[in-house]
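Below are my notes on the structure, set out as numbered points. Please read them with the model open beside you.

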Amino acid sequence: MSETYRNILGLRAIRSYQESPILQEDLDRVLEAARWTGSSRNLQKWAVVVVRNPDQIERLADCGDFTVPLRAAPVALALVQEPNTREFDTGRMAQNIMLAADALGMSTCPITLQRTEDTARVLGLPPGWTCRYAIALGYPAPGARPSRHGGRKPGEEIFHQESFSR
């Protein structure tokens with residue numbers, strides 16, 4: 001089994017982080033992985049707002065309902081979409097960010113921001129641009145563990161052949 005495959009299967013959200021700042025070279029590498037994400041017709045209709053200021057992270061966290069990991073992280077990556085963009089591309093970028101961070105010894109937790117109008121105001125987005133997702137990013141706190149919601153459904157519950165019928 002390849003290391004890449006093991007990393008994909010082992011990726012877990014971590015919700016507690018060291019207080020130390022992220023090294024710029026590590027952040028640059030994560031952002032480069034985001035930049036190289038594939039997208040529909042290679043349009044790359046996205047942007048990432050890097051938020052380090054704790055007060056700005058708090059304002060961003062106030063735009064969602066389950067944002068404790070965001071408040072605990074030294075960096076928040078706000079994933080911004082241009083108007084008329086498919087969320088699938090943004091999801092692909094999020095997964096690249098999370099896998100790259102993991103490969104560099106960092107931890108991540110994806111966050112949904114339910115109040116998108118508030119998020120747009122907090123981030124100063126142009127009209128029509130949206131931010132529904134952010135990623136909490138940091139070095140894992142000593143003893144940090146994945147969510148207690150681990151495990152996966154059996155394959156027979158999710159994989160269907162030729163049609164959804166059981």
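1. The model is predicted. In it, the buried residues of α2 pack against three strands and a helix: β1 (46-51), β2 (75-81), β4 (130-138) and α5 (87-103). Which residues of α2 are buried? They are Asp-26, Leu-27, Val-30 and Ala-34. Looking down the axis of α2, one finds these buried residues within an arc of 100°, so they line one face of the helix.

2. The face of α2 turned away from the buried side carries Glu-25 and Arg-29, which are exposed. Helix α2 covers residues 24-35, 12 residues in total. From first C-alpha to last, α2 reaches 16 Å, which is close to the 16 Å expected at 1.5 Å a residue.

3. The strands form an open sheet. How many strands does this open sheet have, and in what order? There are four, in the order β1-β2-β4-β3, and their pairing is antiparallel. Note that the order in the sheet is not the order of numbering: β4 sits between β2 and β3. β1 and β3 are the edge strands, each pairing on one side only. On average, neighbouring strands of the sheet are turned by 25° against each other, direction ignored.

4. The pairing of β3 with β4 can be followed in detail. These two strands run antiparallel and are joined by six bridges. To check one of them, start at Ile-111: its bridge partner in β4 is Ala-134.

5. Two helices should be viewed together with the sheet. α5 lies across β1, β2, β3 and β4, and runs at about 155° to β2. α6 lies across β1, β2 and β4, and its angle to β4 is about 65°.

6. The largest nonpolar core has 22 residues. Which of them have the most contacts inside this core? They are Leu-60, Leu-70, Leu-113, Leu-123 and Cys-131. At least two residues of the core come from each of α3 (54-61), β2, β3 (107-112), α6 (116-123) and β4. Another core, of 18 residues, lies apart from this one, and includes Leu-11, Ile-22, Leu-79 and Ile-135.

7. Leu-60 is a useful residue to select on screen. Setting aside its neighbours within four places in sequence, Leu-60 is in contact with Val-51, Leu-70, Ala-76, Ala-78, Leu-113, Thr-119, Val-122, Leu-123 and Ala-134. Of these, Ala-134 has already appeared in point 4, as the bridge partner of Ile-111.

Definitions and conventions. Residues numbered from 1 in each chain as written. Predicted model: local features only at pLDDT ≥ 70, side-chain atom pairs only at ≥ 80, totals over all residues. Heavy atoms only, no water. Expected span 1.5 Å × (residues − 1). Buried < 20%, exposed > 50% of the residue type's maximum accessible area, 1.4 Å probe, protein only. Arc of directions from axis to C-beta. Contact = heavy atoms within 4.5 Å. Core = buried A, V, L, I, M, F, W, Y, C linked by side-chain atoms within 4.5 Å. Pairing = 2+ DSSP bridges. Axes fitted to C-alpha atoms, helices over the stretch in contact; angles between N-to-C directions.
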